[in-house]
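Please open the structure in a viewer with residue selection enabled. The tour below proceeds by selections, each followed by an account of what is found there.

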Amino acid sequence: MAKRYTIAVDFDGVLNSYESGWQGATVLPDPPVEGAIEWLHEMIQDFDIAIMSTRNWQEGGIEAMRAWLQEHTPAPLWYEGGGERGLEDIQFPTSKPPALIYLDDRAVRFEGPGTFPSKSDVHRLRPWNKSQKATKTDVIVERPSALPRPRPY
């Protein structure tokens with residue numbers, strides 16, 4: 001069996017649209033980000049999925065995220081439909097796992113020496129759904145001028 005790599009995914013702002021903001025570890029009133037559930041199901045066929053959230057460390061947080069996923073996922077995708085693995089195979093670690101990628105709405109990719117963000121860069125950065133410029137295709141809405149563009153692979 002081939003090695004399965006892990007994708008670590010943030011919950012609020014990546015899977016959960018987080019339109020209402022923080023209301024407690026067990027309060028999840030918002031719908032999924034468009035395409036998030038289908039993407040999770042597709043990725044879990046080839047990767048381990050680890051959902052990372054501040055909710056993971058709080059009482060009832062993991063159970064609330066599992067219930068939210070179940071509520072917002074069509075039954076055939078939750079119970080191993082359309083593939084060998086279903087969304088019930090998602091992990092909720094309580095420490096940062098080694099992962100191939102970390103998908104987060106508040107992340108800045110480190111590009112090596114000389115690319116550390118300045119204090120003003122840090123203050124200017126906003127999650128995709130909090131920027132006035134946000135569109136469906138934005139990954140990082142504002143990229144500080146001090147940070148270089150990502151290099152193509």
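Begin by selecting residues 48–52, which form strand 2; 5 of its 5 residues are buried, so that the strand is mostly covered. The model in view is a predicted one. Display the side chains of strand 2: D48, A50 and M52 point one way, I49 and I51 point the other way, and all are buried.

Keep strand 2 in view and add strand 1, residues 6–10. The two strands run parallel and are joined by 5 bridges. To follow the register, select A8, whose bridge partner in strand 2 is A50. The connection between these strands can now be traced: the chain leaves strand 1, passes through helix 1 (residues 36–44) and arrives at strand 2, a β-α-β crossover that is right-handed. A further pairing in the register is that of D10, which has M52 as its bridge partner in strand 2.

Next, colour strand 1 by burial. Here 5 of the 5 residues are buried, and the strand is mostly covered. The cover extends to both faces, with T6, A8 and D10 buried on one side and I7 and V9 buried on the other.

Strand 1 also has a pairing with strand 3, so select residues 101–103. Strand 1 and strand 3 run parallel and are joined by 3 bridges. Within this pairing, V9 stands opposite L103 of strand 3.

Turn now to helix 1. Which of its residues are buried? Select A36, I37, L40, H41, M43 and I44 to see them. These residues lie on the same side of helix 1, because they cover an arc of only 170 degrees around the axis.

The next selection concerns the packing of the interior. The largest nonpolar core has 22 residues, of which L15, I49, I51, L69 and I90 touch the most other members. At least two residues of this core come from each of strand 1, helix 1, strand 2 and helix 2 (61–72).

Centre the view on I49, one of the residues just named. With its neighbours within four places in sequence left aside, I49 is in contact with I7, V9, L40, M43, I44, I90 and Q91. Among these contacts, I7 and V9 are buried residues of strand 1, while L40, M43 and I44 are buried residues of helix 1.

Move to R4, in the segment before strand 1. Which residues does R4 touch, not counting those up to four places away in sequence? They are I44, Q45, D46, F47, D48 and R85. A distance label may be placed between the C-alpha atoms of R4 and Q45: the separation is 9.6 Å, although the two residues are 41 apart along the chain.

Proceed to the loop between strand 1 and helix 1 and select Y18. The phi angle of Y18 is near 60 degrees, a positive value in a residue other than glycine. Is Y18 buried or exposed? Its relative accessible area is 15%, which is under the 20% limit, and Y18 is therefore buried.

E34 lies in the loop between strand 1 and helix 1. Its relative accessibility is 66%, which is over 50%, so E34 counts as exposed. For a further distance label, use the C-alpha atoms of E34 and N16, which are 18 residues apart along the chain and separated by 9.3 Å.

The last local stop is T54, in the loop between strand 2 and helix 2. T54 has a relative accessibility of 48%, between the limits of 20% and 50%, and therefore counts as partly exposed. The C-alpha atom of T54 is separated by 9.1 Å from that of D10, a residue 44 places away along the chain.

Finally, select the whole chain. It contains 4 helices and 3 strands, and from the N terminus on its elements run β-α-β-α-α-β-α. Of its 153 residues, 40% count as buried. The accessible surface comes to about 9,600 Å², with 55% of that belonging to carbon and sulfur atoms. As for contacts between residues at least 6 apart in sequence, 67% join residues at least 24 apart.

Definitions and conventions: Residues are numbered from 1 along each chain as its sequence is written. This is a predicted model: local features need pLDDT of at least 70, side-chain atom pairs count only at pLDDT 80 or more; totals for chains, interfaces and linings use all residues. Side-chain values use heavy atoms; hydrogens and water are left out. Buried means under 20% relative accessible area, exposed over 50%, partly exposed in between (1.4 Å probe, protein chains only). Two strands pair if DSSP finds at least two bridges between them. A crossover is right-handed if, with the strands pointing away from the viewer, the path from the first strand over the helix to the second runs clockwise. The arc is that of the directions from the helix axis to the C-beta atoms. Contact means heavy atoms within 4.5 Å. Accessible areas come from the Shrake-Rupley method with a 1.4 Å probe; for residues, only the protein chains shown count as cover. A nonpolar core is a set of buried Ala, Val, Leu, Ile, Met, Phe, Trp, Tyr and Cys residues joined through side-chain atoms within 4.5 Å.
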